[in-house]
Amino acid sequence: MDIDVGPVDPSVLYEQDLHVSSAIWEGQERGLLRCQEHTSLLHQWKLTDEQIKLVEKAGFGFFRKIGPMSLNNSLISALVERWRRETNTFHLPLGEMTITLDEVALVLGLEIDGDPIVGSKVGDEIAMDMCGRLLGKLPSAANKEVNCSRVKLNWLKRTFSECPEDASPDVIKCHTRAYLLYLIGSTIFATTDGDKVSVKYLPLFEDFDQAGRYAWGAAALACLYRALGNASLKSQSNICGCLTLLQCWSYFHLNIGRPEKSEACFPLALLWKGKGSRSKTDLSEYRRELDDLDPSKITWCPFERFENMIPPHIKAKLILGRSKTTLVCFEKIELHFPDRCLRQFGKRQPIPQKVKRRDRKNRRLDDLDTSMSLACEEWAERGDHIVDSPGGGNVVDDGAYMEWYARISITKLYREAFLESQVMNMIACMREFEEAASVISLERLSPVEREVMESVKDTFSNSLTFGGWQEVAVNSGYGKRRRRNEQTPTTNNGGGVYIYHWPFGVNDNGRTSIKNKI
């Protein structure tokens, strides 16, 4: 019988069979993800003072200052292996963490409060009409500058990167719209299709004042959640979305692959400007470091020290980081679960509510419209759903949370450590059964039932009690369960008894020891 490497309780991570961690355990390495963020040429855009004012009015005044960021593909690939789209969180050894709305505002300087980014897909004919009306120029289909209502980023840069000095107000607006389309297409709305951006976003910049009322940060987070979820599947080899946000989030929270900071300024992504050079650390080493993550390498609340430099209008909306709401960006609908990561807000973490399964199969258009309508309604009520730690008798201590977390999660991806985690989870499960059996009264049971119950108690007691220490030896591959009456070897070391025992079989070749103090 093969060992099940999934969580003990699969009610939360119900898509384990699809997740990249299942492939890693089987020895099927996919290598580094290809990171699709196209920021390297952003500095070649030359904006006039009039254009900068329009960019600020549209809500991108801070964001445009970030510019090109060098990405650490190995670190990003390792982080993606910890992402679970069932919860939209990273599953790390000490609990769940995630990128929250307030962190988007702080790191990128984008607005997280406002109207949702919604709209419809456009066909080629409508896309060309939009380009003519809002950009003043048309891309050439013959030169492959436009395809399936998407224009090449290179065409936008080549055509609009410098606005003529004597340009009319309308021409200035056209060039600024082209820049904004290029900006979002290369960063927050980057796709795995390469250097293209959908024209469907262009009407959002028709009115610059209206553009400034959109929740661009919420839309950026929806796209990143979706990109992380897709990239976490074992069938994928690319990742898109705002990877600058992902990498900076990691630098702030995790002391893994973290470079030295630059001088503090806003938006806070600028702290790592020019610091994300390609690391010599490979994916397997980052995977091991994440496996061994301890409290000294986690900063739960890294932004408190920068409070004095946060603009007032940004600071006023940071409470939305604790909003349990729905994020929207066109057809993308993603759930924001700050209640699973309350330690990032300096609060105690209770056991979260049960996860509702999402139907990710292809839906009919009317189903999508209904879901979008409900999502927008939930977003409209975002201020009414601010989560907090429970008080009174509902408080759960950290030990109870971690015991629950060990049952529902997978925190070790390095194969030996991964298996150790599963063994410890099964031992915890056996403890629960033993405790339950110990409180059952035998008085009202029949002789046969009493004999069965006493046998169950003896089995659990013999399996779990071994004089202070136990050691489970497992085959480094897929072991077979040991027959109950099969003899197991023992050793004595330093006064503690070490037992190689059930539930896993022993292979004399390549055996790995797993110790647990009981």
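In what sense do strands E5 and E6 pair, and over how many bridges?

1. The small sheet. The model under discussion is predicted. In it, E5 pairs with strand E6 (residues 150–152) in the antiparallel sense, over 2 bridges. One contact of this pairing joins asparagine 147 to arginine 150, its bridge partner in E6. The two strands belong to an open sheet of 3 strands, in the order E5-E6-E7 and with antiparallel pairing. Its edge strands are E5 (146–147) and E7, each of which pairs on one side only.

2. The hairpin of E9 and E10. Strand E9 (residues 325–329) and strand E10 (residues 332–336) are also antiparallel, and their pairing runs over 5 bridges. Threonine 325 has histidine 336 as its bridge partner in E10. The hairpin has 2 residues between the strands, and phenylalanine 330 takes a positive phi near 50° there. As for its surroundings, E9 is largely enclosed by the rest of the structure, because 5 of its 5 residues are buried.

3. Phenylalanine 330 and tyrosine 201. The same hairpin residue deserves attention for its side chain. Phenylalanine 330 forms an aromatic pair with tyrosine 201; among the 21 aromatic pairs of the structure, another is treated under point 4. Tryptophan 155 and phenylalanine 160 make up that other pair, which is edge-to-face, with 5.5 Å centre to centre and 85° between the planes. The pair of tyrosine 201 and phenylalanine 330 is likewise classed as edge-to-face, at 5.3 Å centre to centre and 85° between the planes. Tyrosine 201 lies in the loop between strand E7 (196–198) and helix H8 (208–211), and phenylalanine 330 in the loop between E9 and E10, so the pair ties together parts that are 129 residues apart in sequence. Tyrosine 201 counts as buried because its relative accessibility is 5%; phenylalanine 330 counts as buried at 4%. Both residues belong to a cluster linked by ring pairs, whose members are Phe60, Phe63, Phe189, Tyr201, Phe205, Tyr214, Trp216 and Phe330.

4. The surroundings of phenylalanine 160. Which of the two rings in the pair of tryptophan 155 and phenylalanine 160 has a charge over it? The charged end of lysine 137 sits over the ring of phenylalanine 160, at 5.9 Å from its centre. Phenylalanine 160 is buried, with a relative accessible area of 1%. Tryptophan 155 has a relative accessibility of 4% and therefore counts as buried, the cut-off being under 20%.

5. Helix H10 and the largest cavity. Helix H10 (residues 243–253) is mostly covered, with 11 of its 11 residues buried. Among them are Thr244, Trp249, Tyr251 and His253. Thr244 also appears in the lining of the largest cavity, together with Glu37, Thr39, Leu42, Phe63, Ile66, Gly67, Met69, Leu183, Thr187 and Cys242. This cavity has a volume of about 60 Å³, and its lining divides into 6 nonpolar, 4 polar and 1 charged residues. Phe63, one of the lining residues, is also a member of the ring cluster described under point 3.

6. The second largest cavity. The count comes to 2 cavities of 30 Å³ or more. The second largest holds about 50 Å³ of space. Its lining consists of Leu13, His19, Ser21, Glu81, Arg82, Arg84, His91, Ile410 and Leu413. By class, these are 3 nonpolar, 3 polar and 3 charged residues.

7. Helix H4 and the second largest pocket. How much space lies in the second largest pocket? The volume is about 450 Å³. Of the 18 residues that line this pocket, Asp102, Leu106, Phe303, Glu304 and Leu318 are the closest to its centre. The helix that gives the most to the lining is H4, with 3 residues. By class, the lining has 9 nonpolar, 3 polar and 6 charged residues.

8. Leucine 108. Helix H4 (residues 101–108) also contains leucine 108. Is leucine 108 buried or exposed? Leucine 108 counts as buried, because its relative accessibility is 0%. Leucine 108 and leucine 268 lie 6.9 Å apart in space, C-alpha to C-alpha, although 160 residues separate them in sequence.

Note on methods: Residues are numbered from 1 along each chain as its sequence is written. This is a predicted model: local features need pLDDT of at least 70, side-chain atom pairs count only at pLDDT 80 or more; totals for chains, interfaces and linings use all residues. Side-chain values use heavy atoms; hydrogens and water are left out. Buried means under 20% relative accessible area, exposed over 50%, partly exposed in between (1.4 Å probe, protein chains only). Helices (H or I, at least four residues) and strands (E, at least two) are DSSP runs, numbered from the N terminus. Two strands pair if DSSP finds at least two bridges between them. On a 1 Å grid over the protein atoms alone, a cavity is a set of points where a 1.4 Å probe fits but cannot get out, and a pocket is an open set with protein on both sides within 12 Å along at least five of seven lines; lining residues have an atom within 4 Å of a point. Grid points are joined across faces, edges and corners, and a volume is the space filled by probe spheres set on the points. Ala, Val, Leu, Ile, Met, Phe, Trp, Tyr, Cys and Pro count as nonpolar, Asp, Glu, Lys and Arg as charged, and the others, Gly among them, as polar. Rings of Phe, Tyr and Trp (its six-membered ring) pair if their centres lie within 6.5 Å; planes under 30 degrees apart count as stacked, over 60 as edge-to-face and the rest as tilted. A charge sits over a ring if NZ of Lys or CZ of Arg is within 6 Å of the ring centre and within 35 degrees of the ring normal.
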